[in-house]
Amino acid sequence: MEGWVREDERRAPTEWCTEEFDRVDFARRVLEVLKPHGVRVLLRDGMRDFVIDQGRLWSKDGMRWAMVAIPGQASREEIIWNLVELVGYTPGPYRFDVVRMVGAALALGVKTEGD
């Protein structure tokens, strides 16, 4: 069977964040810093939960896909944490360091290929 196959869905509860910013654009910038390999990510606005649907492409060895729904009350930190986990960075002690590095790169306004 060829095509994209859905494997699982995860819902993470969110804490209420009232800061006004474009969450999908922020998530796009996070992915530009992370430069994920082997996964295609579609970002969209979500309702109340942070929802990540993901799966794999049967016809391409190791290729994955993910659709991420980002709720309007998600904080910047929560967006970074969820995307770091999604792209496969270690869940161990160095995950915090990766999150700090992503946050620092975004704060410094790191230029990406499209800039």
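This report walks through a strand with two partners and a pair of packed helices. The structure is a predicted model, so please read the details below in that light.

**Strand S4 and its partners**

A good place to begin is strand S4, which covers residues 64-71. Six of its eight residues are buried, so S4 is largely enclosed by the rest of the structure. Strands S2 and S3 each pair with S4, as the table sets out.

| Partner of S4 | Residues | Direction relative to S4 | Bridges | One opposite pair |
|---|---|---|---|---|
| S2 | residues 39-46 | parallel | eight bridges | Leu 43 and Val 68 |
| S3 | residues 50-57 | antiparallel | six bridges | Asp 53 and Met 67 |

To find these pairings in the 3D view, look for Leu 43, which stands opposite Val 68 of S4. On the S3 side, Asp 53 faces Met 67 of S4.

**Helices H1 and H2**

Now turn to the helices. H1 spans residues 23-34 and H2 spans residues 76-86. They pack at an angle of about 45°, and their axes lie 10 Å apart. An angle from 35 to 65 degrees falls in the oblique range, and H1 and H2 are therefore oblique to each other. The crossing of H1 past H2 is right-handed.

Which residues make the contact? From H1 come Arg 23, Phe 26, Ala 27, Val 30, Leu 31 and Leu 34. H2 brings Arg 76, Ile 79, Ile 80, Leu 83 and Val 84. Sorted by class, this contact of H1 with H2 holds nine nonpolar residues and two charged ones, with no polar residues.

Methods: Residues numbered from 1 in each chain as written. Predicted model: local features only at pLDDT ≥ 70, side-chain atom pairs only at ≥ 80, totals over all residues. Heavy atoms only, no water. Buried < 20%, exposed > 50% of the residue type's maximum accessible area, 1.4 Å probe, protein only. Helix = DSSP H or I, 4+ residues; strand = E, 2+ residues; numbered from the N terminus. Pairing = 2+ DSSP bridges. Axes fitted to C-alpha atoms, helices over the stretch in contact; angles between N-to-C directions. Parallel < 35°, antiparallel > 145°, perpendicular 65-115°, else oblique. Left-handed = near helix turned anticlockwise from the far one by under 90°. Contact = heavy atoms within 4.5 Å. Nonpolar A, V, L, I, M, F, W, Y, C, P; charged D, E, K, R; others polar.
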